[in-house]
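Trainee: Could you take me through the sheet in this model, and then follow the packing outwards from there? I'd like one connected look rather than a list.

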Amino acid sequence: MMKEQSASLEKRTASFKKASKTNIVESIKDSFNRHLEFSLAKDNYSANNLDYYKSLAYSIRDKLIEKWLKSQQSYYNNGVKRIYYLSIEFLVGRMLGNALINLDLYDDAHHALRELGHNLEELQEMEIEAGLGNGGLGRLAACFLDSMATLGLPAYGYGMRYEYGIFYQKIKDGYQVETSDNWARLGNPWEIERPEHLYPVKFYGRVNNGNGVIEKREWVDTQNIMALAYDIPIPGYKNDTVINMRLWSAKSSRELDFVHFQSGDYEKAVSEKVKSETISKLLYPSDDLIEGKELRLKQEYFFVAATIQDIVRRFKKTFTGQPVFKDFPDKVAIHLNDTHPSIAIAELMRILIDIEGVKWENAWEITVKVFGYTNHTILPEAMEKWPVYLIDSLLPRHLQIIYEINHRFLTHIKETIRDDGDLLRRVSIIEEGDEKKVRMAHLAIVGSHSINGVSAFHTDILKNNVFKDFCDIWPDRFNNKTNGITQRRWLKLCNPELSELITEYIGDVWATNLYDLKKLAPLADQNAFHEKWNEVKLNNKKRLAKYVKRRNNITLNVNSIFDCQIKRIHEYKRQLLNAMHVINLYNRIKANPEGEFVPRTVIFAGKAAPSYHIAKLIIKLVNSIADVVNNDEAVGDKLKVVFMANYSVSLAELLIPAVDLSEQISTAGTEASGTGNMKACLNGAIIIGTLDGANVEIKEEIGNDNIFTFGLTETEIADFRHSAYNPWDYYHNNQELRLVIDMIKGGYFSKSEPDLFKPIVNSLLDYGDNYFVMADFESYVKCQEKVDETYKDLRNWTKMSILNTANMGKFSSDKTIMEYAKDIWDVKAV
């Protein structure tokens, strides 16, 4: 009797689930057809794939909005403390696939579209990625928002709505060519314009004399630019939380100057509008010229000023009478994602003192309690320093506030630590010299209750070297939060075959608890599982090979090692070292064309900053090497070189599942963390890398036998920097290295312009080899030989691959965000 009842219950449950699925599919179809007709004014005779994509996007957005509104209202109903995450970049990637995965609607949408005669994958390809970021910083911010939503945290992301992104990269004759990335030209169905949230942002002007800097002052005669909000909903995974990413667009306070228009000067009539709205046109304008510096500072203050006004408005909304600002830290946590938003500290002080009438001491206590600061790099170029004269011109009130903060801070040091002139100079927010500068990282440290690095290795460098003085003053403020990635996008979405295989064997708990992948470890010794694992990898390599054939017209050997370095082009990331190894491989093949070589496909992708000459020349070198190698019949399938243009999130989603060997070869002590290493390992790639950034912790998690490491350590490099490092010694003592350098220098890869690559060689031999490429070459080559030997043993390689994936639990952004919420923000899930 009990068995019959149980069987009946299971049958009814299955029937209910089937009916429910049918209802969802029908709901998607109805919504799709409704939006096609009423939102887009199209029918099946006039619509194209872009229209069908938008119809689906609007249909899915409807489901997001319902949860979004409930989430926002619950924050008010529960009086919760909220997180405000400020980032100059948010590299969100395509939204449709991520929304379908997180709403658990991917299969339903697939079925609905198939019944309507459409293909989901084809429609996903119609989505143009929002150009809101460039590299790891923006992608990390996007992963963090996904985790905040999945963990049910009351959070908001704040950034800029760049009209043209950073740039669209084309490769012409081997050179990077930058063109405008007009990503929003066809409309963005995921964003909602909020004209009711329009804030004035002030620049220039003067400060009225008052009774002193710490008293309420008036900033007058300013030029005002309006900040218009655009909202994008960010869904959590299989829950009811949808959080908000708010982006600011610059709008002129005067659309048209009628005086000039009526007089016939039509250009002048709109010139102020065009000039004002330049602020949100482009990410990272070149700061080689003073105009570029001014625009970058304007951008940073613009998005910060609008954000702080919005945060204060939301806080005040919870009061029926006069707001009580001493409660501000109990309701607000503001996090600075790197140094770019640091002016927010001075801006909050200005709002509290000049607008809300809070006394200086109280305002400063509130500010320090509210702010947290993440440092993402130790490179000098990212430790922003603004000339005092520039801040004085653009933001005169803020300069007064910064000077007062600095004065009080230095006085505190003299009275409580020691009166040491050298110490005071080192920690001062103001850098003295021929040109006085404001050290924005110092402002962030002094004005925040928490300062964190993004890997244990990086945090140690901050505490013991870069910010040692500050750590000695406030040891409790410094902590580590190792970066992470969201497994929903970087496994479940981008690698569905592997995701399904993993779920088939261990279930799907890993989607919200990545440590559950540990259950894969026993399978690393099972031959049957090996076969399935390798089949998935091969299919992903075939998929990438098709794309490369279509885009680059290069035929890849899918049985070769897919050796990939996909990241921003920068000397410290050492794409040059990789390229030199390719030349060395080429020379070995040419010297012994009948010899046995492990076939290798070396894939590069990444953008160089438009004004970064050497980085752009390295791109040209890689493409010139590819032209020689790929067209040499003696080389054939033994070696291929590919540079994939316009690296983006969607291109990463294609590349990463196909990677066999992931190049993480930055000079030790320069990479704060890296997340490409995590994405690659999660998808079964094996790292070749230095002991830098998160590589150190990955090595600890996966074991010494499952990673290839080489090169000088950070300590050894520090010793070299203080001694007589001579790159010429390596040139003279290594025959293979000497041949590689001579080929580059002598025009082997640039026969029509023999001197083309001399600046690269000069940087190595004559200008100090700042990133120790020459010193690490031999170690790198030997390590690559070990890679070849290991790859010959397919069983061992596969075991390493599986164990890499199995031990990635620590590197989920969910874990990282839980630590931020507990240790820094003191924010709980709703």
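Mentor: Here is a walk from the sheet to the cores, the aromatic pairs, the cysteines and two loop residues.

First, the ground rules: this is a predicted model, in which local features need pLDDT of at least 70 and side-chain atom pairs count only at pLDDT 80 or more, while totals for chains, interfaces and linings use all residues. Residues are numbered from 1 along each chain as its sequence is written, and side-chain values use heavy atoms, with hydrogens and water left out.

Now the sheet. It is open, has 9 strands with mixed pairing, and runs in the order S5-S8-S9-S2-S1-S10-S11-S15-S16. Strands and helices here are DSSP runs numbered from the N terminus (E, at least two residues, for strands; H or I, at least four, for helices), and two strands pair if DSSP finds at least two bridges between them. At the edges sit S5 (192-203) and S16 (478-480), each pairing on one side only. From one strand to the next, the twist averages 25 degrees. Angles run from 0 to 180 degrees between N-to-C directions, with axes fitted to C-alpha atoms, for helices over the stretch in contact.

Look at the S16 edge. Strand S15 (residues 450-453) runs parallel to S16, and 3 bridges join the two. Asn 452 has Asn 479 in S16 as its bridge partner. Helix H12 (residues 360-370) packs on the sheet, where it touches strands S10 (332-337) and S11 (371-374), and its direction makes about 45 degrees with that of S11. Contact means heavy atoms within 4.5 Å.

On to the cores. The largest nonpolar core has 148 residues, and those touching the most other members are Met 148, Trp 190, Phe 203, Phe 302, Ile 308, Phe 328 and Trp 825. Helix H9 (residues 290-316) gives the most to this core, with 11 residues. A core of this kind is a set of buried Ala, Val, Leu, Ile, Met, Phe, Trp, Tyr and Cys residues joined through side-chain atoms within 4.5 Å; buried means under 20% relative accessible area, exposed over 50%, and partly exposed in between (1.4 Å probe, protein chains only). Try clicking on Trp 825: leaving aside its neighbours within four places in sequence, Trp 825 is in contact with Lys 81, Ile 83, Tyr 85, Met 148, Ala 333, His 335, Ile 817 and Tyr 820. Another core, of 65 residues, lies apart from the largest one and has Val 582, Ile 625, Ala 626 and Ile 741 among its members.

Helix H30 (758-765) is worth a stop too. Its buried residues are Ile 760, Val 761, Ser 763, Leu 764 and Leu 765. They pack against helices H22 (575-591), H23 (613-630), H28 (727-733), H29 (735-745) and H31.

Next, the rings. The whole structure holds 30 aromatic pairs. Rings of Phe, Tyr and Trp (its six-membered ring) pair if their centres lie within 6.5 Å, and planes under 30 degrees apart count as stacked, over 60 as edge-to-face and the rest as tilted. Tyr 505 and Phe 529 are edge-to-face, at 4.7 Å centre to centre and 70 degrees between the planes. Tyr 505 belongs to helix H20 (residues 496-506) and Phe 529 to helix H21 (residues 527-552), so this pair links parts of the chain 24 residues apart. Tyr 505 is partly exposed at 31%, whereas Phe 529 is buried at 0%.

Phe 720 and Phe 772 make a tilted pair, 6.0 Å centre to centre with 35 degrees between the planes. Phe 720 lies in helix H27 (residues 714-721) and Phe 772 in the loop between H30 and helix H31 (773-792), so the pair ties together parts 52 residues apart in sequence. Phe 720 is partly exposed at 22%, and Phe 772 is buried at 2%.

As for cysteines, a search of the whole structure finds 0 disulfides, a disulfide being a pair of cysteine sulfur atoms within 2.5 Å. The sulfur of Cys 564 is 13 Å from the closest cysteine sulfur, in Cys 681, which is too far for a bond. For Cys 783, the nearest cysteine sulfur is also that of Cys 681, 14 Å away.

Last, the loops. Most residues other than glycine have a negative phi. Asn 553, in the loop between H21 and strand S17 (561-566), has a positive phi near 55 degrees and is exposed at 58%. Asn 646, in the loop between strand S19 (639-644) and helix H24 (649-655), has phi near 55 degrees as well, but is buried at 15%.
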